[in-house]
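Visitor: I've got the model open and a pile of "why" questions. Can you walk me through it?

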Amino acid sequence: MMHVTTTGTDAPLVLNADWTLKQADGEISEVPFPVPGDVHSALLAQNLIPDPYWRDTEPALDWVHESEWLAAKIFTFTPETGTRYTLTFQSVDCHAVVMLNGTKVGRCDNQFLRWDFDVTDALRPGENRLELHFLSNSQHAQECADASTIAIPYIAQNNRLAHFNHLRKTQCHAGWDWNIALSPLGIYGDVLLRKSDAFRFDDVIIRQHHHVDGSVELETELHFEAFSVIDLDASLSIAGQSAHLERTVYPGENRFKLTVLVENPRLWWPVGHGDQHLYDLELRLGSECRAGKIGLRSVELDTSEDGVGNRFAFRVNGRDIFMRGANWIPADALPARGTADTVRDFLQSAVDANMNMIRVWGGGQYEADWFYDLCDELGLMVWQDFMFACNLYPAHQRSWLESVRKEARQQIRRLSHHACLALWCGDNELVGALKWFKESEEDRDRYLAIYDRLNHALEEAIEDEAPGVPFWPSSPSVGRLNFGDGWHVDTSGDMHFWDVWHSAKDFEHYRSVRPRFCSEFGFQSFPSMKVIKTFTVPEDRNVSSTVMDIHQRNAGGNARIVETLQRYFRFPDTFEDMVYLSQVSQGLAMKTAIEFWRSNNPRCMGTLYWQLNDTWPVASWSSLEYGGNWKVTHYLAKRFFAPVLVTAQPDASTGEVVLFAVNDTPDTVSLKLDIRALRFDGKLRSLGEEQIACPATGSTEIMRLAPGELAAGEFLHFTWCDPSEQHQGENEYLPNRPKDYQFSQPRLSLDTRDGDLFVSTDRPVLFVTYDHGGSTIYEDNCFTLLPDRPRRLKPVRKRGQSEPGTEASLDFLKG
């Protein structure tokens, strides 16, 4: 984060404290309004509304977003005579009129813009009253749609609230197939009163130029507005190097450029590939200083032609890196709950599961500065979408498009110093959306032209600002100016592969494609019983109850979970078993896809599943359920995303089972592999050992098992260790679906020794899970347990506090 400081009496006045909120034309009078915060959270804190997440409460709260609200703050200030002042809002959601002492000083209409209002003439000595009059987002969206000369349809099956594609606001605030539709209003960043007499320091963009000798030229461009002819100085310092500039500037928009050369730099690397070294950076313009951390790294997107089509591979500091990760959505449907501590925990869980990239999805929001600070610190690369998703947009309207142009430049500049930024992507699924609506189907040329205006504006912003981060036009996309089907082309570009979930196909269908990079795919599960109990009463706890349907936003989703589950597993006896087994099913789907695609490295160079987190308690594709506890899928992800992995894959053409070693590290890795065939009655036979050297960044075929080498009722289990005999990992391969095996009843025991838990069995058991949905994160969980190998349940960290009265249980796949 570039922290702003000033010298002397020029420090900004922070106006975050002591706001109040009242309904503009209603019964609710002044209540505390924490800033940053949102209207729903303020009302909830005063018990003026019920919990929006409880049972079927959601539509009963529509009056909140349909109302207008007044947020107000009294502050004492003595302006200096003849001095100019700027009132700055980092983020206002979304349409609001700004009043100071009864004078209108501005209007906000874009959540993703920083707003700077000249309030010099409205300030008065002593007491000042600042007000924001929040207009109804949902009402304004309808008014915009009614006023548009061209129909701009929206994805109604995804959004309970209409026409939010006309608003520059978090699109999933209107719903989506995993989110509650609350349409929050609020102030999400700091509110500052800044002295800006001679100039106003607006933005900084930082560019890195990496030279062949290893040195890095750091170029900074300072953007500011001058209000008079002044002599102004600026400076830059980093790593013991500095640059200084003095110049006379004239009224209007200005920019200073400062450059330093850092020789023999310590580079920043994604997690698992090196250190996340961060330098202290300081920029000064006049009396204002901006300071923060910066990592030096180069990032490229290789889309060169090859024998298949075109690559899609990220190259960091000259090294091709396979990207393992998930898609990120807002941390909570109530923005006030998406705190830095909450987000740090979620991102730490991503790193704990061996992820090195997250995709900030285009239907969410550009995250706060501290989000990207955390990613810099943790080594998580960020695929950053511009905030457009799954709809058509009114880019035919000049004022709307001009706001987007300004938004894009502000955000590119704001995030330019973050080493974690790996990609700017134009949108999510807007090319596909051209086929989703009657209007665009009947007049594709018109709507394609409108889309091209938007896409070109974003590409132009990247080209003009030149942040040193690659641009990709859309996701999925085959490539620049290609408006073809990115969902089903696996030879070039990035792919969204949704056939398994949306078309209810078998998990094995994941092996029918070999994407160059799969940036979206997923399978749903229910949250754990611990989460389900937070929004239900006992009679709701049935897979087809009204409340369970309400907490499932994808049409037919619960039925699809159950229908697919019974293809792979015997039908559970209880609702509790159904919940657990749905997560096992989800994990098996992701394991099937990701291990196969990783075995196709370097053809495939990345997999980002949908989705990492949830915004409220809901059945969804997430691997972290609402609140951040780990579903069983997240434990499986820790293994199928391991930097070094051994996996078995069927060869459909020969009937053989092929073992691959996948190595995402920059070094050759030597492994000793022990392979066994097991039965669920406990009988086993050795299939030998293999000594292998796995080259860096790729997949290596180890061996093939001929058809019939695994007898009926057997499955494959293999472990690998390093040359010093240290255990590195294990995996299994079932040639048949789990329900096709005969499971005998195991005798499981759970013992405590020296404060640690150990679980053991008298025969093989699949998906053994302790404390399902619990707040303690274990080194391993949801594993295959063998008779000769007791497992230690080692706690790694504890998240928050356990729910009172809850007890940990041991779940496993039953016959």
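Guide: Sure, and bear in mind that this is a predicted model. Let's begin with the second largest cavity: its lining residues divide into five nonpolar, five polar and two charged.

Visitor: Which residues line the second largest cavity?

Guide: The lining consists of Val431, Tyr451, Asp452, Asn455, Pro473, Ser474, Ser477, Gly479, Arg480, Leu481, Asn482 and Phe483. Helix 9 gives the most, with three residues, and the space inside is about 70 Å³.

Visitor: What makes this space a cavity and not a pocket?

Guide: A 1.4 Å probe fits in a cavity but cannot get out, whereas a pocket is an open set of points, so the name turns on escape. The structure holds four cavities of 30 Å³ or more.

Visitor: How much space lies in the largest cavity, and what lines it?

Guide: The largest cavity holds about 80 Å³. Its lining is Asn391, Leu392, Tyr393, Ala395, Leu430, Leu434, Tyr447, Ile450, Tyr451 and Leu454. By class that's nine nonpolar, one polar and no charged residues. Helix 9 provides the largest share here, four residues.

Visitor: How do you know that the length of helix 9 agrees with what its residue count predicts?

Guide: Helix 9 covers residues 444-465, which is 22 residues, and at 1.5 Å a residue they should span 32 Å. The end C-alpha atoms are 31 Å apart, so the two values agree. Just after the helix comes Ala466, with a positive phi near 45 degrees.

Visitor: Which residues of helix 9 are called buried, and what do they pack against?

Guide: Buried means under 20% relative accessible area. In helix 9 the buried residues are Tyr447, Leu448, Ile450, Tyr451, Leu454, Asn455, Ala457, Leu458, Glu459, Ala461, Ile462 and Glu465. They pack against strand 15 (199-210), helix 6 (398-415), strand 28 (421-425), helix 7 (430-433), helix 8 (438-442) and strand 29 (471-472).

Visitor: What makes you call helix 13 mostly covered?

Guide: Nine of the 12 residues of helix 13 are buried. They are Gly557, Asn558, Arg560, Ile561, Val562, Thr564, Leu565, Arg567 and Tyr568. Their cover includes helix 10 (499-502), helix 12 (546-550) and helix 14. The span check works on helix 13 (residues 557-568) too: 16 Å is expected, the end C-alpha atoms are 17 Å apart, and that agrees.

Visitor: Over to the strands. In what order do the six strands of the open sheet run?

Guide: The order is 4-3-6-12-9-10, with antiparallel pairing. Strand 4 (31-32) and strand 10 (103-108) are the edge strands.

Visitor: Why are they called edge strands?

Guide: Strand 4 and strand 10 each pair on one side only. For two strands to count as paired, there must be at least two bridges between them. Strand 3 (residues 20-23) and strand 4 are joined by two bridges, so they satisfy that cut-off. Thr20 stands opposite Pro32 there.

Visitor: What does strand 9 pair with?

Guide: Strand 9 pairs antiparallel with strand 10 over five bridges, and antiparallel with strand 12 (residues 126-134) over five bridges. Val98 has Gly106 as its bridge partner in strand 10, while Met99 stands opposite Glu131 in strand 12. Strand 9 and strand 10 also form a hairpin with two residues between them, and Asn101 in the turn has a positive phi of about 55 degrees.

Visitor: Why is strand 9 said to be largely enclosed?

Guide: Strand 9 (residues 96-100) has five residues and four of them are buried, so the rest of the structure largely encloses it.

Visitor: Last stop, the second largest pocket. What is its volume, and which residues lie nearest its centre?

Guide: The volume is about 930 Å³. Of the 31 lining residues, Arg639, His727, Gln728, Gly729 and Asp780 lie nearest the centre. The lining has 13 nonpolar, six polar and 12 charged residues.

Visitor: Which element supplies the largest share of that lining?

Guide: Strand 39 does, with six residues. Among the others that supply at least two each are helix 14 (575-599), helix 15 (632-640) and strand 35 (669-679).

Note on methods. Residues are numbered from 1 along each chain as its sequence is written. This is a predicted model: local features need pLDDT of at least 70, side-chain atom pairs count only at pLDDT 80 or more; totals for chains, interfaces and linings use all residues. Side-chain values use heavy atoms; hydrogens and water are left out. On a 1 Å grid over the protein atoms alone, a cavity is a set of points where a 1.4 Å probe fits but cannot get out, and a pocket is an open set with protein on both sides within 12 Å along at least five of seven lines; lining residues have an atom within 4 Å of a point. Grid points are joined across faces, edges and corners, and a volume is the space filled by probe spheres set on the points. Ala, Val, Leu, Ile, Met, Phe, Trp, Tyr, Cys and Pro count as nonpolar, Asp, Glu, Lys and Arg as charged, and the others, Gly among them, as polar. The expected span of a helix is 1.5 Å times one less than its number of residues. Buried means under 20% relative accessible area, exposed over 50%, partly exposed in between (1.4 Å probe, protein chains only). Contact means heavy atoms within 4.5 Å.
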